[in-house]
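Please open the structure in your viewer and keep the selection panel at hand. This tour proposes one selection after another and says what is found at each stop.

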Amino acid sequence: MDTIHVTADTAALRNRAAQLVDEGRMDAARPLLAAAQALAPPSPDLALIGARLAAGEGALDQAMQTLDSGIAAAPSHVGLRKCRADIRHRMGDLEGAARDAAEAVIVDPADPQAKALLGAAMLDLGRTAEAVACLEEAVAGTPTEIGYREALSAALEKAGDPSSALRVLTDGIAVCPASVPVRNAAILLCVRRRDFIQAVRLAEQARSLGIADACTFGMKGHALSSLGRHDEAAIAYREALKLGPEDPYVRHLVVSSGAMPDSKRAPEGYIRTVFDGYADRFDAHLISLGYSIPGAIRSVLQAHPKIVAGLSIGPVLDLGCGTGMVALAIGDLPLGPFTGVDLSPRMLTQARAKGLYAELREGDIIADLAMDQQRWPLIVAADVLCYFGALEEIFAGIHQRLEPGGWFIFSVEKILPDHDGVIPGNGNWALQRQGRYAHAEHYIYEAVCAAGFRILRLDRPVIRQEAGAGVPGLLLAIERIHHDG
Amino acid sequence: MTVDVRPLPSPVALLAEGRFQEALAPLRLALAVGDACPATMLNLAIAEDRAGDSGRARRLMQQVAVRLPDWDEPVLRLAESLRSAGDNAAAEEAYRQVLDLNPSRPEALIALAGLLLMRRSPEEARDLLLRCCGIAPDNAEAWNTLGLALRATGAPNLALTAFVTAQGLRPDCLEYVLNGADVAPDAGEGDAELARLTVATEQNPLCPAIQLGRGMLLERLGRRSEAIDALEVATELAPDALVPLQLLAGVLARSSRVRQAEAALRRLSAMDPDNPQVRNDHAAVLMRLHRHAEARAILLDVVDSHGPHTAVLCNLANATVCVGLQEEAIDIARRAIDLDPDAVLARRALCNTLPYRDGTTGAALLSAMRDCSAVLPRTPQPPFNNTLDPDRPLVVGLLSGTLRSHPVGWLTVAGIETLDPDQFRVICLAQNAAPEDPIARRYRAAAREWVEVDGMNDAALTSAARDRGIDILIDLGGYGDAARMPACANRLAPVQIKWVGMQAHSSGLAEMDWFLTDRWETPDGFEPLYSEKLLRLSDGYVCYSPPPHAPDVVELPALANGFVTFGCFNNLAKITPRVIETWATILHRVPNARLILKTHQLTDAPTADGFLADFASLGISGDRIEPRGSSGHRAFMGEYGHVDIVLDPFPYSGGLTTCEALWMGVPTITLPGEIFASRHSASHMSNAGLADWVTGSVEGYIDMAVTRAADLDSLAKLRAGLREQVRRSPLCDAPRFGLNLGAALRHAWRVRCAETS
């Protein structure tokens with residue numbers, strides 16, 4: 001009968017374990033480290049591998065324990081110090097991280113990684129000038145390490161020197177022409193600075209050299225779209241989807257370009273991604289685009305019989321509340337309390353900061369309507385139904401949740417004929433290139449009536465400006481007329 | 001002077017050390033000088049037996065047994081001698097005599113049970129072993145054999161318990177832990193056993209056997225990547241052991257980590273150089289890496305050293321055709337068939353080599369395909385209960401070992417992505433899945449379900465497809481590497497369709513209902529050459545999805561070079577002697593022209609030299625032919641920047657290669673014939689609006705090459721706009737293709753509904 005025994009030596013096991021940790025193969029590294037530990041006494045090298053392994057598995061506390069005892073036994077071990085600096089940084093102990101990194105720099109002044117760790121800690125401590133100095137030395141020490149360049153670029157951007165920030169990255173492209181991450185970092189910086197022409201140029205250069213991934217094409221599409229070059233953006237998004245087919249955000253944009261079969265609503269992942277990435281600048285962005293819906297909702301509500309009679313309407317459900325722009329616009333009317341629902345946690349954080357909502361719930365609005373047991377006298381949905389094609393399900397859900405006589409106020413974008421005068425989509429709704437749905441007026445009318453509502457008021461406002469032109473929309477106030485049963 | 005006085009080792013000690021030959025002399029001497037002690041006689045018998053004289057050994061054993069009729073030992077030794085000589089019936093009888101003398105003798109209980117298992121009497125074996133385990137509860141082998149018996153009696157849970165007990169007694173024994181890993185999923189205890197093994201590895205970090213068992217269990221549970229981790233740990237812990245490396249290589253090969261598999265098998269071949277199985281596996285992996293010349297050399301050596309074997313000959317046939325030796329390859333495939341006429345593998349080898357040979361007719365190929373279909377195993381299956389509503393949404397299964405960056409992938413994925421998701425729910429039944437491959441990821445994203453079928457035999461695959469209610473099964477593998485089309489003989493779905501993937505010609509498979517094609521591939525009148533009904537798509541039968549990393553098209557190189565460069569980037573299997581003759585004629589008629597031949601196999605210098613010699617024998621000097629070997633895909637595409645005109649091989653034309661050349665701005669001159677594989681380029685060129693590059697004869701092909709080479713202005717103009725032309729053509733129009741494919745699938749389903757009603 002074949003039997004099998006350990007014949008490898010400790011050094012071989014230890015080295016292979018370290019290699020596997022570097023490769024991120026923790027499941028393979030762990031047993032080899034355990035075998036090495038069983039065969040040899042504790043050592044700083046084994047401690048370092050153990051700590052990196054634990055950190056790689058997310059067990060930061062365990063990594064810290066290993067490092068603390070390792071450093072107690074070997075206080076000048078640069079590897080242990082650097083590892084603890086990194087983990088302390090990740091755990092939010094910036095001062096501790098800076099101390100360990102500084103110790104490592106003292107022990108080995110030529111170690112660029114130690115300087116990079118120190119620079120990263122300084123950056124987050126707000127000591128930007130020192131961060132820049134450390135990171136410059138780190139980059140000088142290892143010009144090909146893209147992570148150092150990205151950190152230096154971030155530090156320079158924070159120091160108010162965006163040109164130098166971009167130059168660090170474009171120099172990185174020259175030094176490491178085959179690196180996709182450095183090219184992407186440069187393109188992203190351009191997009192953040194709204195320098196879309198430069199972003200497209202860098203992305204096109206990356207594409208023509210074949211040094212591009214899904215992210216490169218995605219950012220290229222974004223930049224082209226921002227420049228109004230929608231057909232080229234659609235090609236870029238299609239290429240992005242080939243390289244990142246799991247990305248719901250890109251998939252939705254490709255569907256909206258007509259290159260894939262239609263879907264009835266935008267995927268949750270898309271909406272969450274778009275708005276999470278957008279939350280910090282959302283209000284300013286919408287205001288700059290002339291977003292007029294919250295104000296229009298306010299004027300509709302001012303004609304509500306209860307408000308006219310000086311009475312309170314009662315609780316309000318704000319579907320797709322985003323950063324809370326509607327509550328901001330109508331919060332002074334006799335309404336409330338407000339409950340907001342949105343898919344994007346970062347949007348909800350912004351809404352919470354406004355202090356206008358009694359409750360904020362993260363989730364899909366259709367799912368929320370199905371779960372919610374409350375009946376509301378007023379539900380609003382501003383710039384939300386443009387993420388749904390077919391509206392029957394959402395109207396049915398709202399009908400369920402409105403009190404008899406309750407109001408639902410919502411906006412949609414109006415479907416327009418294309419260059420050839422053809423109405424796109426299925427005649428009722430169409431997915432547009434920007435990833436939003438537009439709806440036909442007759443469809444809204446039919447769907448609303450079929451769901452048991454009466455239209456109280458229909459306005460045709462310009463809902464925002466896009467590429468210098470007004471986007472026409474519909475704003476409706478509808479009333480629930482059917483009774484239960 | 002010192003005298004080295006050491007006692008001679010005793011014969012018993014020599015026996016214990018396995019030094020049987022050395023033990024013979026002292027034992028024979030002892031007997032000769034009158035030591036008639038039964039123990040001495042028996043020891044001599046054992047030594048004689050092991051040293052090779054089993055006749056003398058057994059006579060001695062029988063003499064001892066006669067002298068001491070109550071002693072079980074000589075009968076046991078006799079039984080063991082008979083068993084090791086393969087005389088199982090006599091051995092069984094002898095073991096029964098041992099148990100008559102001593103019903104508690106564990107060796108006899110275990111060995112007899114083993115023989116009973118071999119002749120399929122597991123119940124009796126189980127009863128003997130239960131007795132044995134009661135008598136000798138510390139005997140690990142008894143528990144292991146009990147596990148085997150219990151498994152054979154259909155009690156996998158009890159079998160697992162027995163294997164686990166054996167492991168507990170002998171944790172370092174490979175067989176016990178591997179048996180447990182193998183039976184645990186059948187017992188419904190896969191996860192529990194995995195948890196147990198995981199804890200065991202933590203408690204005993206210096207036990208490679210447990211890691212190995214854990215790895216193989218993870219593999220059975222479909223957790224490949226973790227399986228590889230565990231198996232690699234075992235190989236690191238015990239770098240000199242063969243079994244861990246062998247198991248690791250197998251899982252790596254099945255996971256499409258072919259380079260790592262090759263490295264493991266190379267190491268294994270060095271450690272175990274006379275093992276023909278290891279060398280055959282190594283050659284098979286080398287072929288997947290397109291290192292056909294190396295594979296062929298290994299396989300030829302294996303045949304020389306170990307004689308012909310069907311599996312080895314089949315691999316050899318495939319390796320031989322891939323270095324451009326079509327006739328020789330077909331002869332080898334026929335040898336394999338002669339060796340074993342019922343072997344599916346041998347028939348497959350012939351089906352896979354015949355299409356490359358010049359002069360193979362459609363009827364001859366169909367006949368070979370039908371012969372292969374005839375030997376496929378078929379198991380009666382219950383009728384389908386799929387609802388025969390012609391208009392309902394359908395479940396479409398894709399069966400393939402190449403849903404990744406592979407011609408199958410590049411030519412089908414866009415069509416699958418653009419199928420109407422409300423009408424077609426796609427399930428991928430993937431063999432050799434490559435999880436990180438960008439095209440594999442596209443299939444995964446487009447499919448509702450992704451099922452890895454490597455671990456499934458044909459019966460399990462059939463159940464997996466039928467349980468999922470697949471309405472239309474599309475085979476994308478044929479008889480190619482890792483393909484599972486043979487399972488279609490059991491009917492995986494009510495409608496079965498052959499599409500891309502070793503779609504050299506009709507599948508010949510009686511159960512394949514339809515063949516996806518187009519009007520260029522199979523014009524009217526070609527129907528008799530196909531066993532399936534032809535399902536002609538409105539445009540081409542495939543949709544090319546160009547890679548995002550393709551370099552830009554460059555200007556016609558002839559303008560700067562001052563001479564025309566022809567090129568062919570196809571597999572060498574397609575380059576027949578007649579093709580070489582034809583190209584040589586073209587080069588004679590266009591005196592300054594050059595020819596670039598680029599393909600994986602030309603990385604091998606002797607192979608490349610062989611081609612140069614072939615051209616030299618036809619009067620074409622080496623400086624006009626440029627053989628080029630492997631490169632990355634982007635570089636491969638980029639090298640079309642050096643080519644003005646592609647010359648298609650025949651009878652097996654380019655497929656994906658033609659599409660790639662078009663994308664890079666280079667048109668292909670093609671000569672379609674009768675078989676399906678000969679008409680791919682004609683389809684793609686016509687679909688892209690370039691039907692005027694399709695010729696009807698070798699003479700026409702030569703004339704066209706000469707004429708086109710003389711008109712550089714037209715070539716340059718065509719090239720400059722070709723990518724955009726192809727992008728806008730039906731060849732790359734994925735939404736249009738998705739509609740066509742959907743319509744074809746719907747038609748096939750409606751016909752099925754109509755036929756059944």
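The domain bounds used on this tour come from an automatic or database domain assignment. On that basis, chain B is divided into domain 1, residues 394–536, and domain 2, residues 557–732. Please keep in mind throughout that this is a predicted model.

**First stop: the two domains of chain B**

Colour the two ranges separately, and you will be looking at domains whose centres, taken over C-alpha atoms, are separated by 30 Å. Where they meet, eleven residues of domain 1 of chain B are in contact with ten residues of domain 2 of chain B. The side of domain 1 that touches domain 2 consists, by class, of six nonpolar, three polar and two charged residues.

**Second stop: the nonpolar cores**

Which residues touch the most other members of the largest nonpolar core? Select B:Ala79 and B:Ile472, which hold that place among the 283 residues of this core. Both domain 1 and domain 2 of chain B supply at least three residues to the core. Now stay with B:Ile472 and show what surrounds it: leaving aside neighbours within four places in sequence, its contacts are B:Leu394, B:Val396, B:Ala493, B:Val495, B:Ile497, B:Leu745, B:Ala748 and B:Trp749. Another core, of 62 residues, lies apart from the largest one, and you can find it by selecting A:Leu348, A:Leu360, A:Ile365 and A:Ile478, which are among its members.

**Third stop: a covered helix**

Select residues 407–417 of chain B, which form helix 23, and note that eleven of its eleven residues are buried. Among them are B:Trp410, B:Leu411 and B:Ile416, and also B:Glu417. To see what these buried residues pack against, add strand 1 (394–400), strand 2 (424–430), helix 24 (438–446), helix 30 (656–663) and helix 34 (734–756) of chain B.

From here, move to B:Asn432, which is placed in the loop between strand 2 and helix 24 of chain B. Its phi is near 50°, a positive value in a residue other than glycine. Is B:Asn432 buried or exposed? It is buried, because 24 other C-beta atoms lie within 10 Å, where 20 or more are needed.

**Fourth stop: parallel strands in domain 1**

Select strand 6, residues 514–517 of chain B, and look along it: B:Trp514 and B:Leu516 point one way, B:Phe515 and B:Thr517 point the other way, and all are buried. Strand 5, residues 495–498 of chain B, runs parallel to strand 6 and is joined to it by two bridges, with B:Lys498 standing opposite B:Phe515. Strand 7, residues 533–536 of chain B, also pairs with strand 6 in the parallel sense, over four bridges, and here B:Lys533 is the bridge partner of B:Trp514.

**Fifth stop: the five-stranded sheet**

Continue along chain B to an open sheet of five strands, whose order is 10-9-8-11-12 and whose pairing is parallel. Strand 10 (625–628) and strand 12 (668–669) of chain B each have a single partner strand, so one side of each is left without a neighbour in the sheet. At one of these edges, strand 10 runs parallel to strand 9, residues 594–598 of chain B, and four bridges join the two; B:Leu595 stands opposite B:Ile625 in this pair.

Next, select B:Pro651, which has its place in the loop between strand 11 (645–647) and helix 30 of chain B. The peptide bond leading from B:Phe650 to B:Pro651 is cis, with omega near 5°.

**Sixth stop: chain A and its side towards chain B**

Turn now to chain A, whose secondary structure comes to 24 helices and ten strands, and of whose 485 residues 49% are buried. One residue to pick out is A:Asp383, in the loop between strand 4 (376–381) and helix 23 (392–401) of chain A. A:Asp383 has a positive phi, near 55°, although this is a residue other than glycine, and A:Asp383 counts as buried because it has 22 C-beta neighbours inside 10 Å.

Finally, show both chains together: 30 residues of chain A are in contact with 39 residues of chain B. On the side of chain A that touches chain B, the elements giving two or more residues are helix 1 (10–22), helix 2 (26–39) and helix 14 (230–243) of chain A. Helix 2 of chain A provides the largest share, seven residues. By class, this side of chain A divides into 17 nonpolar, six polar and seven charged residues.

Technical notes. Residues numbered from 1 in each chain as written. Chains lettered and ligands numbered in written order. Predicted model: local features only at pLDDT ≥ 70, side-chain atom pairs only at ≥ 80, totals over all residues. Core = buried A, V, L, I, M, F, W, Y, C linked by C-beta atoms within 7 Å. Buried ≥ 20, exposed ≤ 12 C-beta atoms within 10 Å, placed from the backbone. Contact = placed C-beta atoms within 7 Å. Nonpolar A, V, L, I, M, F, W, Y, C, P; charged D, E, K, R; others polar. Pairing = 2+ DSSP bridges.
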